[in-house]
Amino acid sequence: MSTILQVESLTKTFQSGHRQIRVLDNINFTIEEGQSMSIVGPSGSGKTTLLGLCAGLDRATEGRILINQVLLNKLSEDELAQLRNQQVGFIFQNFQLIPTLTALENVMVPLELRGEKNIVSASKDLLNRVGLSDRLDHYPGQLSGGEQQRVAIARAFSNRPKILFADEPTGNLDEETSHSIESLLFELNREQGTTLVIVTHDQDLAQKTDTIIRLKGGKLI
Amino acid sequence: MDHKINIDSTKYSMVWPLKMAWRDSRKSKGKLLLFVLAISLGIAALVGITSFRENLLQEINNQAKTLIGADIEIKGSEPLPDSLLLALYELAPEMSREVYFASMVYFPSTDGTRLAQVRALAGEYPYYGEIETIPVEASRKFQKGEYALVDEKLMIQYNVEIGDFVKVGQQQFEIIGRLQKIPGQTEIGATAAPVVYIPYNHLDQTDLLQKGSRVNYLQYFQFHPEVDTTGKWSQLVSLVDKKGFRVDDIEERKEETGRAFKDLSNFLELVAFTALLLGCIGVASSIYVYTKEKTGIVATLRCLGMKSGQAISIFLIQVGFFGLIGSIIGALLGVGMHLYLPVLVKDFIPVELTPQLSWLSVLSGVGIGVVVSILFALISLVSLRKVSPLQAIRSDAEPARFQLDWLQILVGFSILAFLMALIYLQIGSLQDAAIFTFGLLLTIIILGLIGKGLALGIKKLLPNSIPYVWRQGLSNLYRPHNQTSLLITTLGLGTAFIATLLFMQSLLVDRVSIAGAEDRPNTILFDIQTPQKDEVRQLTLDYDLPVMQEVPIVTMRLVELNGISKNEAERDTTITTPDWAYNREYRVTYRDSLIASETLKEGKWIGKVTNPADSIFVSVSSGYAENLELKIGDEMVFNVQGALLKTYVGSFREVDWRRVQTNFLVLFPVGVLEKAPQFHVLITRIDNNQLSARYQQAVVRSYPNISIIDLELILKTLEEILGKIAFVIRFMAFFSIGTGVIMLISSIVLSRFQRMRENVLLRTIGASSRKLWKIIFAEYFFLGGLGALSGILIAVLTTTLLGKFVFEFTFIPDFSQMILIGLTITVLTVAIGLLNSRDVISQSPLEVLRNEG
């Protein structure tokens, strides 16, 4: 097993007026390929900031982040976008489906972006896998919250990512739906051998991952 | 080495942005409607007006020869000396002669009399175009006997048929043709002075050419194909010119005709630009809103690996496509407008206007539409490349600090360069185009600063004591994410364009209207000799008619201006006095006071000269003074039928020429001209047609030398035609205003984005509908009010400058109109703002947030 995500001496500060706020302070951890990990902590502890940095959505103030041995610090915005397209998958708390695309088109987007052909059948299979074979042509506005998150999961796995980041994936769902989404997430994780990083408040969900890291005031505890 | 430097490159699909653009537009069509509307109306005005203008200029060009009917026309108040005539004849053997003058004509069959323009013609004129008659052959036959051609309308009016007779002076002519059109004549011209053609060789028999008669002598020449118009011919022409004759050739007539439509043409250009620029603001505003709405999608797609350039290209493809649709719709509307405009203006243009579709105008209109759509959309769209993927997980994530975006600056400069090029292509002056573009940029900066100033001023000065709803509404103007500066700029710019157009429209409509409609005089008696004066006055009173004005008229010529004669002025190129100042015949009057149509502008009016040795101070009209660059105290020597009279400019008068009465360029005081040869004019008003006919017959029977102008008929037609001109001006202006309203809607819709969540939150924490309405009202009231006020002030400045440098008039702001425009824009802003927010108030907060999400 090789290291898929490596975080070294990671620090993130924000300027607020004349004050500098240290949101993350000297964070270090690694995660191996195929593993699952949850980041937990109270509100404002820096969980989402950490996720954003690890996924290459934001720039670190200090320290290094490597995904699959690629150092993110040195990459341009467009190179980061390429890296995300090739190796990273996302699941968001508020689903973030493109409202103007159908469920099927939403799932196809990551593959289309990299110019792959014959993607319709693979995307349909994924939607079938998440139980939405009868909702292919529905727009997000026509789907329930649980269904939207299933489409988001199908989209996240469509580009066969090496690592998948999930930001409070069940935060906007009721308990029953949350359970089915969690099961689906872990099943696909196992099937595809993807590394899973979840930011969550939910202790039960965190317990299901291989590793848990806890954040408080921007520091690992 | 523990890490890779590079990542594997992804083969991004070129087709994908196209596919995404199409997919995304399926659900965004409604949102792009305002954008399509804005561009289509702007392009419609541009295509319609440029096609019409091109068509008109093309027709003037094509029909230039028929405007004059010959290659050269020489006109004077006396016949051309034989020596000159022979010299000209040698070079241009095709020559026709015409004498025209105003005279009463009499139709014995119906006992009708009417002032007409009598034209006595000899020769083959017109060499280009036709004197159009029914029957056709009458136009050539009438010179072969005692025949006449009579204006068709005149024949209808006096119930005269072909075969009846018309009496001109002492000679009776048989009417053999109905005159329909003569070269260069407009409908309006034909109505004001209906023409009667008679043969030149029977002119003497009319006995109307007495010494002192006001007669015009015309010679028309057609060049021999091989004539050299540069050498001897041009020397001859300049000699003719020096002798005080007016020489007109095709080029000059073309220019004159073009100049006659200068105001209309300038105004139409103004309309086209206003509509286009308003359309551009509409595009910029609607795409701004659109871009804001798409930020979330872009953030998500960036997370999924989309490159920044792809984000712009998706929406650029949409803008290009919908811009093309809007431009095509606009071009079609413009073609419709182009087909309709000639119908509207046919009565007052001297050329037959067959609408011809100018593919160049249509294609360039579509091209311009697409380019302005893309350029004005790019201002917002380029910001999409800066959307951070982080916004997908944190909605409050924004770029770390404000950075000057070089691409936005580049787009801004491209827009200015494009506008400047467009204006240059339209008006052909790089300097004017640069002034306009710079003015536009300056206006935008000033409006932006006003917006910033307003936000800052309210922040500093807003007292805590005012009621909560007003405080909340006003605070929205300076709180984070406020659109104050942007909205004040778009509202102000829109208002400035619309107000300028309305000011110009009022001024132009006012310029073509006739003052004092109800009790204006309608009958003018000309050429009353001094001994007849009292008798005619008595006759008028006997018919119970008012003598509204009785004016003595003395004819004279200007001999010297400040000691400089015409010849000296011609020799000295530094003297700018125009030729016509010396060439024209001045009809002046004398009286001791100014009348209602005159206002003293400068100097002092001295109404009486008591001592013959005293200096004579005349009053000149301010327009005349401006043309001749006169100053108070300048010396003017007049030749009053042989006697030289030295006078000084004592005052300038503003004269309202639109009033139906005798107005004069030069006014003398009493005590100078009483003994000079003169004739009199009497002005009256006759309300009854039968009384008018009886009175006219009585005058003509007793005093055959007196000419009577029945203004009622002329004024009616004139007003009808001027009404049509006013309609064209209003029609075009409202087209632009329509675009303005769309722009206004797009501008205000942009504020929705910012206020939606805030208002929903207020609603959630218990704000009543009434309170929310008031908060929204307060915000839009101040935005609309200040935007309108700024725009109006800019419009006043623009109209003043346009008036001075383009339309040549002085603009005096009409406060009631300004208040009306200000109120309308403010009310519209508030109304659109409230309508725009109605769902925030009428729906449940959750429903709104769900729809917006």
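**Figure 1. Pairing of strands S1 and S4 in chain A of the predicted model.** A:Glu8 is placed opposite A:Arg64, a residue of S4(A). The two residues belong to a view of this predicted model in which strand S1 (residues 3–16) and strand S4 (residues 62–67) of chain A run antiparallel and share five bridges. A further pair is formed by A:Gln6 and its bridge partner in S4(A), A:Leu66. Strands of a sheet pair through backbone hydrogen bonds, in either the parallel or the antiparallel sense.

**Figure 2. The hairpin of S4(A) and S5(A).** The pairing of S4(A) with S5(A) is antiparallel and comprises two bridges. A:Ile67 stands opposite A:Val70 of S5(A). Two residues lie between the strands of this hairpin, and A:Asn68 adopts a positive phi near 50° there.

**Figure 3. The four-stranded antiparallel sheet of chain A.** The sheet is open, and its strands follow the order S2-S1-S4-S5. Strand S2 (19–32) and S5 of chain A are the edge strands; each has a single partner strand, so one side of each lacks a neighbour in the sheet. Helix H1(A) lies across S1, S2 and S4 of chain A and runs at about 125° to S1(A).

**Figure 4. The six-stranded mixed sheet of chain A.** This open sheet has the strand order S6-S7-S8-S3-S9-S10. Its edges are strand S6 (88–91) and strand S10 (219–220) of chain A, each with a single partner strand, so one side of each is left without a neighbour in the sheet. At one of these edges, S6(A) pairs in the parallel sense with strand S7 (residues 163–167) of chain A over four bridges. Within that pairing, A:Val88 has A:Ile163 of S7(A) as its bridge partner. H1(A) packs on the sheet, where it touches strand S3 (36–40), S7, strand S8 (195–199) and strand S9 (211–216) of chain A. The direction of H1(A) makes about 150° with that of S8(A).

**Figure 5. Helix H1 of chain A and its burial.** How many of the residues of H1(A) are buried? Eight of the eight are, so the helix is largely enclosed by the rest of the structure. The buried residues are A:Lys47, A:Thr48, A:Thr49, A:Leu50, A:Leu51, A:Gly52, A:Leu53 and A:Cys54. H1(A) touches strands of the six-stranded sheet and also lies across S1, S2 and S4 of chain A. After the helix comes A:Gly56, with a positive phi near 75°. For chain A as a whole, 51% of the 221 residues count as buried.

**Figure 6. The side of chain A that touches chain B.** In the predicted complex, 34 residues of chain A are in contact with 31 residues of chain B. On the chain A side, the elements that give two or more residues are helix H1 (47–54), strand S5 (70–71), helix H2 (77–87) and helix H3 (103–113). H2(A) contributes the most, with nine residues. By class, this side of chain A has 15 nonpolar, nine polar and 10 charged residues. The predictor assigns the complex an ipTM of 0.86 and a pTM of 0.69.

**Figure 7. Two residues with positive phi, A:Phe95 and B:Asp544.** A:Phe95, in the loop between S6 and H3 of chain A, has a positive phi near 65° although the residue is not glycine. B:Asp544 is likewise not a glycine, and its phi is positive at about 60°. B:Asp544 is located in the loop between helix H17 (533–542) and strand S12 (549–561) of chain B. Are these residues buried or exposed? A:Phe95 has 24 C-beta neighbours inside 10 Å and therefore counts as buried, whereas B:Asp544 has 9 and therefore counts as exposed.

**Figure 8. Cis peptide bonds before B:Pro126 and B:Pro135.** The bond from B:Tyr125 to B:Pro126 is cis, with omega near 0°. B:Pro126 is in the loop between strand S3 (112–122) and strand S4 (132–134) of chain B. The peptide bond that joins B:Ile134 and B:Pro135 is also cis, with omega about -5°. B:Pro135 lies in the loop between S4 and helix H5 (138–141) of chain B. Chain B has an average pLDDT of 80, and 85% of its residues score at least 70. Where pLDDT is low, the predicted coordinates should not be read in detail.

Terms used
Residues numbered from 1 in each chain as written. Chains lettered and ligands numbered in written order. Predicted model: local features only at pLDDT ≥ 70, side-chain atom pairs only at ≥ 80, totals over all residues. Contact = placed C-beta atoms within 7 Å. Nonpolar A, V, L, I, M, F, W, Y, C, P; charged D, E, K, R; others polar. Pairing = 2+ DSSP bridges. Axes fitted to C-alpha atoms, helices over the stretch in contact; angles between N-to-C directions. pLDDT = per-residue confidence, 0-100. Buried ≥ 20, exposed ≤ 12 C-beta atoms within 10 Å, placed from the backbone.
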